[in-house]
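Visitor: Please take a close look at one part of this model with me, and explain how it fits into its surroundings.

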Amino acid sequence: MALNGIQIFKMTPKKNCKECGCPTCMAFSMKVAQGAMDISACPHMSQDALDALSEATAPPMKTIKIGVGENEYTLGGETVLFRHEKTFVSKTRYAVALYTDMSDEEVEAKLAEIPKVDYERIGERMHVELVYVNCGEGADAAKYTALVEKAAGLNRTLVLGCSDPEIAKAALAVCKDSKPVLNGANASNYEAMSAVATEAGVVLGVSGKDLNELYDTVAALEKAGNKNLVLDVTGETVKETFANAVLVRRAAIQDEDRTFGYPSIVNLVKIAKGDKFMQASLASLFTAKYGSIVVMEEMTYAEALALYGLRQNVFTDPQKPMKVEPGIYPINGADENSLVLTTVDFALTYFVVSGELERSGVPCNLTISDAGGLSVLTSWAAGKFSGSTIASFIQEQVEPKVKCRKLVIPGKVAVLKGDIEAKLPGWEVIVGPREAVQLVKFLKDMKA
Ligand code: SF4
C-alpha cells in the first residue's frame with residue numbers, strides 16, 4: 001500500500017539540510033509520496049528506513065529489463081492508467097514470431113523479412129526489437145534449440161515461448177547471455193520454470209487459464225522469491241485478452257495490487273488467427289491499451305508506418321516539448337562557406353527540414369535556435385522566434401563559426417525579413433519556401 005507524505009516524513013532524519021534539493025524533509029516527503037522523487041535522494045536516510053520505504057514508495061508496477069547492450073529494453077514502471085494523467089514511460093516492444101513447426105525455408109524467409117523494417121522517425125529508430133520463438137507441441141530440445149540459435153543470429157532480443165522446463169533449459173544454454181524472456185510458466189509448472197529462469201538470470205513470463213489462476217500463480221512465484229516477471233494476458237478471444245490487459249493494469253495502478261504490478265505480453269498470433277488486418281488493428285489497440293510486448297506474425301512497412309507512429313505519439317511525454325538542441329547542424333558536408341538556413345527547435349520541424357535539405361544534396365548549415373520546442377508559426381506568435389531572437393542567436397552562435405552571410409528564413413515568417421536585416425548588418429536575408437517539401441527545388445534554383 002502506498003504511503004502518504006506524513007507517513008514518509010516520520011521516517012526521514014528531519015535534519016532539513018536541503019541536500020536532497022528540497023527546502024525541508026516535509027517537502028521531500030511530499031514529493032516522494034507523489035512519485036516525483038526517489039527516497040534514495042536523501043543521503044541521510046537510515047538503512048532500516050530505506051528498506052521499509054523503498055518497497056512502499058516504489059511505483060505500483062515493476063520496471064523489468066530485458067536484453068543487453070543496444071538491445072536492452074525497459075518494460076513496465078508505469079504509474080498512470082491514462083497517458084494524459086502524466087506520461088507512459090516504457091513503450092510497447094514488438095516481436096515477430098517463429099515456430100518449430102515452420103519449414104526451414106519459412107524460417108529463413110521470416111528472418112530475412114524482419115530487418116527490412118528499419119527506419120528513423122523524429123530521431124527514434126523504428127524496427128522489430130524482439131523475436132518470439134515458439135516451441136510447438138512435439139518439438140524436442142534439439143529442434144527448439146536449433147531454431148533459437150537461428151533466431152539469435154538476427155541480433156534481436158528473444159522471447160522464448162516454451163513451457164517445458166527441460167527444453168527451456170537447453171534453449172537458454174545457448175542464449176541466456178542476451179537476457180531473453182522465458183515465457184512459459186503456468187499453474188502446473190511454475191516452480192520448475194522459475195528455477196530454470198532464475199538459474200539463467202532471465203525474466204519469466206507467466207500465464208493462467210483465467211485471471212484468478214494467473215493471480216494465484218504470480219502470488220506463488222513472488223512467495224518463492226521470483227519478482228522478475230512479465231504477465232502473458234493473452235486469452236482465448238480478443239475480448240478476453242483486452243479485458244485481461246485492462247483489468248491487470250487497473251488492479252496494479254488503480255487498486256495498487258502489486259501482484260499484478262508487472263508488464264504484460266499480448267500474443268496476437270493466437271487471437272488474430274492469421275487475419276493480417278485484424279492483427280494490424282489489434283497491434284494498435286494493445287499499443288494504446290497496455291501491451292508491453294506485442295507478438296505478431298509479421299511486421300511489414302504497411303503495418304509499421306502506422307504502428308510506430310502511433311507508438312511514438314502514445315509514449316511521448318506530453319509534458320515535454322519534443323525538441324532538438326539549439327546549434328549549427330552541417331548538412332551534406334557543409335563548411336564555413338556554406339549557405340545558412342534557420343528554423344525552430346521543434347523536433348518534427350527539424351527532422352522534416354533536415355531530411356529535405358539532405359535530399360537536395362546542397363551543402364548547407366541548418367541553424368536551430370531555442371524556440372521553446374514549438375512550430376514555426378506558434379513560436380513566432382509566442383515571441384520565441386522573432387527578429388530579435390534569430391538575430392541574437394546568429395550573432396552569438398553562428399557568426400563566430402560561419403563565414404557565409406546569406407541566411408534563409410522559413411517562408412511562413414517572411415514578415416521578419418526586414419527586422420532581421422536591420423539587426424544583422426552585413427547579412428542578406430532570403431525568404432525560403434513555406435513548406436519544407438519545397439526546399440529541394442528552392443535550393444537547386446538558388447544554385448542555378
Ligand atoms: S536530504 Fe534528507 S535530511 Fe536533508 S532535507 Fe532532504 S530529506 Fe531532510
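Guide: The ligand is surrounded by 13 residues (each with its C-beta atom, placed from the backbone, within 6 Å of it), and the closest are Lys15, Cys17, Cys20, Cys25 and Cys42. The model is predicted, so local features need pLDDT of at least 70 and side-chain atom pairs count only at 80 or more, while totals for chains, interfaces and linings use all residues. Residues are numbered from 1 along each chain as its sequence is written.

The part chosen here is strand β15, residues 364–368 (strands are DSSP runs of E of at least two residues, helices runs of H or I of at least four, numbered from the N terminus). Five of its five residues are buried (20 or more other C-beta atoms, placed from the backbone, within 10 Å of their own), so β15 is largely enclosed by the rest of the structure. Cys364, Leu366 and Ile368 cover one side, and Asn365 and Thr367 the other.

β15 belongs to an open sheet of five strands with mixed pairing (at least two DSSP bridges between two strands), in the order β13-β15-β14-β16-β17. β13 and β17 stand at the edges with a single partner strand each, so one side of each lacks a neighbour in the sheet.

Five bridges join β15 to β13 (residues 327–331), antiparallel, with Ile328 opposite Thr367. β14 (residues 339–343) pairs with β15 in the parallel sense, also over five bridges, and Leu341 has Leu366 as its bridge partner. On β14, two bridges make a parallel pairing with β16, residues 406–409; there Val340 is the partner of Leu407.

Technical notes: Buried ≥ 20, exposed ≤ 12 C-beta atoms within 10 Å, placed from the backbone.
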